[in-house]
Structure formats: structure tokens, C-alpha cells
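Let's take a walk through this model together, with an eye on how its helices pack. Have the structure open beside you as you read.

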Amino acid sequence: HLIFVFATTEPEKVLPTIRSRTHHYPFRLLAPRTMRALIGSVCSSENVEVDDAVYPLVIRAGGGSPRDTLSVLDQLLAGAEGNHVSYQRALALLGATDVALIDDAVEALAAGDAAALFGAVESVIDAGHDPRRFATDLLERFRDLIVLQAVPDAAARGVVEAPEDELDKMRSQAERIGTANTCPARPTMRSSITRSASAGRVRTCSCAGFQRSRTRSSPGDSV
């Protein structure tokens, strides 16, 4: 038997006469744990050494699509120095925010230190990072913290993907910030990203939004 497989990312554009004569199999996105095993096996087969902190960056950039994730990995391998993909090299190639800067912002928020929070954002700008990307990455961190608060073994289940040392830090952040402060900050931050038209406004709206969210929340608030 000869089987033809037609793959498309826009099935709604396939003509009805064709759809009526074929089987339709929607492909699902892969879970982070599955994707981690896939790209890990690819790196092993290619004899490439990849820092553990690089895998979450690749998985997040791929958005759950094996094709897109492998394309991102291929770009990193092409720009790697020798057979080693370092975390700093991956940050530069993907344009992602250094996790240290994300940690600084979250720590400042946990301490209620507005000056430190603005300082963390200034460090992002000084390092040449895109403020919108920083805001998006910070939203992703908030999401991970909320999941860790609700599901302590989220990392073991593959729901949160991060190196073990970073997971320990995130668990500590989740305990100190609390859901009552994390949840209100997410919509405020998302609204700031949507409304902002320039990098300067992103810097101001983001920090001010965090502080307003924290001020309105109290330890007795619920989700």
C-alpha cells in the first residue's frame, strides 16, 4: 500500500472536496518533558554538549512544535563555538532575557523594593535586551511561580522546565511572594505590554504596575 500524508498548519484552507476524501489527524504540541527528551537525543547523536539552562530556552522558543523547536536548536548548533552550546551564547542568539535579570526583578517584587525593581529594569535596558521580551519572560516566570505554588512537584511532572538550581530558587520565590501578589501582577503586566507603544513606556508601566498590584494585595487575599 502507498500512503500519502499531507501536512499543513492551515487545515481550514484545505478544499472541502479534498477533506471529504481524506482522514484528518490533528497533530498536538509536545509537552516540555517529551520535547526535552527529543532535543536531548538529537544533541547526543550529534555529539554536542549543551548547558542544562539552554534546554528551557529552546523549548520555550519552539512553542511545543517539534519542527520549530528543532529549527531553533539547529540555529544554536550553527552558531555554537565548537561542539558546545553555552547558556550565554544561546541568550545572545535567541534574544532571551538572562535569568539572573528575571531573578532580580522577582526578588525586588518579593521584598516590595521599588528602587531595586526599577534598577533591575535599568539593567535590562543597559544590557541591550528588548523590554517587551523582558516583560514577556517575566510573565512566564510568574506563570511558573503560580504553578509551583499550586503543584509543588510540577517540575517532576514536566509542567515547569528549569535547571535544578534554578528550580530551588523559584520555589523560594513562590513561597515568599505568595499567590495573592503573583496573580494580580500578571494581568497588570500583560495590560502594560499591550498598551505600550515604546520601550520607555514598557519600562515605566511595568514597574509601576507591579508596585500597584502588590500594594492592592494583602496576605489575606485569595486567588
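The axes of H6 and H10 cross at roughly 20° and come within 10 Å of each other. Since angles under 35 degrees count as roughly parallel, H6 is therefore roughly parallel to H10. H6 passes H10 in a left-handed crossing. On the H6 side, the contact involves Val99, Asp103, Val106, Glu107 and Ala110, and these meet Glu166, Lys169, Gln173, Arg176 and Ile177 in H10. Sorted by class, the contact of H6 with H10 has five charged, four nonpolar and one polar residue. Please keep in mind throughout that this is a predicted model.

**The overall layout**

Stepping back for a moment, the chain has twelve helices and two strands. From the N terminus on, the elements run α-α-β-α-α-β-α-α-α-α-α-α-α-α. There are 223 residues in the chain, and buried residues make up 38% of them. Among contacts between residues at least 6 apart in sequence, 68% join residues at least 24 apart.

**H10 and its other partner**

H10 (residues 164-177) also packs with helix H8 (residues 131-150), at an angle of about 80° and with the axes 9 Å apart. That makes H8 roughly perpendicular to H10. Here Arg141, Asp144, Leu145, Leu148 and Gln149 in H8 meet Glu166, Met170, Arg171, Gln173, Ala174 and Ile177 in H10. By class, the contact of H8 with H10 has five nonpolar, four charged and two polar residues.

One residue of H10 deserves a closer look: Gln173. Is Gln173 buried or exposed? With 1% relative accessibility, Gln173 counts as buried. The side chain of Gln173 makes a polar contact of 3.0 Å with the side chain of Arg141. Leaving aside residues up to four places away in sequence, Gln173 touches Asp103, Val106, Glu107, Arg141 and Leu145. Asp103, Val106 and Glu107 are among the H6 residues that meet H10, while Arg141 and Leu145 are among those of H8 that do so.

**H3 and H4**

Two packed helices are described by the angle between their axes and the distance between the axes. For helix H3 (residues 54-62) and helix H4 (residues 66-78), the angle is about 135° and the axes are 7 Å apart. H3 and H4 are therefore oblique to each other, and their crossing is right-handed. Val54, Val58, Ala61 and Gly62 in H3 meet Asp68, Thr69, Val72, Leu73 and Leu76 in H4. The residues of this contact divide into six nonpolar, two polar and one charged.

Why is H3 described as largely enclosed by the rest of the structure? Seven of its nine residues are buried, so the description follows. The buried residues of H3 are Val54, Tyr55, Pro56, Leu57, Val58, Ile59 and Gly62. They pack against helix H2 (32-45), strand S1 (49-50), H4, strand S2 (84-85) and H5. H3 is followed by Gly63, whose phi is positive, near 65°.

Here are the three helix pairs side by side.

| Helix pair | Angle | Axes |
|---|---|---|
| H6 and H10 | roughly 20° | within 10 Å |
| H8 and H10 | about 80° | 9 Å apart |
| H3 and H4 | about 135° | 7 Å apart |

**Three residues to visit**

Thr97 is found in the loop between helix H5 (87-94) and helix H6 (99-111). At 5% relative accessibility, Thr97 counts as buried, the cut-off being under 20%. Which side chain does the side chain of Thr97 join in a polar contact? The partner is Asp137, at 2.9 Å. Not counting residues up to four places away in sequence, Thr97 touches Tyr87, Leu91, Ile102, His129, Arg133, Phe134 and Asp137.

Asn47 sits in the loop between H2 and S1. Most residues other than glycine have a negative phi. Phi of Asn47, however, is positive, near 55°. Asn47 counts as exposed, at 61% relative accessibility.

Val121, finally, has its place in helix H7 (residues 114-126). At 7% relative accessibility, Val121 counts as buried. Val121 and Asp104 are 17 residues apart in sequence, and their C-alpha atoms are 9.0 Å apart in space.

Key. Residues are numbered from 1 along each chain as its sequence is written. This is a predicted model: local features need pLDDT of at least 70, side-chain atom pairs count only at pLDDT 80 or more; totals for chains, interfaces and linings use all residues. Side-chain values use heavy atoms; hydrogens and water are left out. Axes are lines fitted to C-alpha atoms, for helices over the stretch in contact, and angles run from 0 to 180 degrees between N-to-C directions. Helices (H or I, at least four residues) and strands (E, at least two) are DSSP runs, numbered from the N terminus. Angles under 35 degrees count as roughly parallel, over 145 as roughly antiparallel, 65 to 115 as roughly perpendicular and the rest as oblique. A crossing is left-handed if the near helix is turned anticlockwise from the far one by less than a right angle, and right-handed if clockwise. Contact means heavy atoms within 4.5 Å. Ala, Val, Leu, Ile, Met, Phe, Trp, Tyr, Cys and Pro count as nonpolar, Asp, Glu, Lys and Arg as charged, and the others, Gly among them, as polar. Buried means under 20% relative accessible area, exposed over 50%, partly exposed in between (1.4 Å probe, protein chains only). A polar contact is a pair of N or O atoms within 3.5 Å; within protein, one must be able to donate a hydrogen and the other to accept it, and residues adjacent in sequence count only if both atoms are side-chain atoms.
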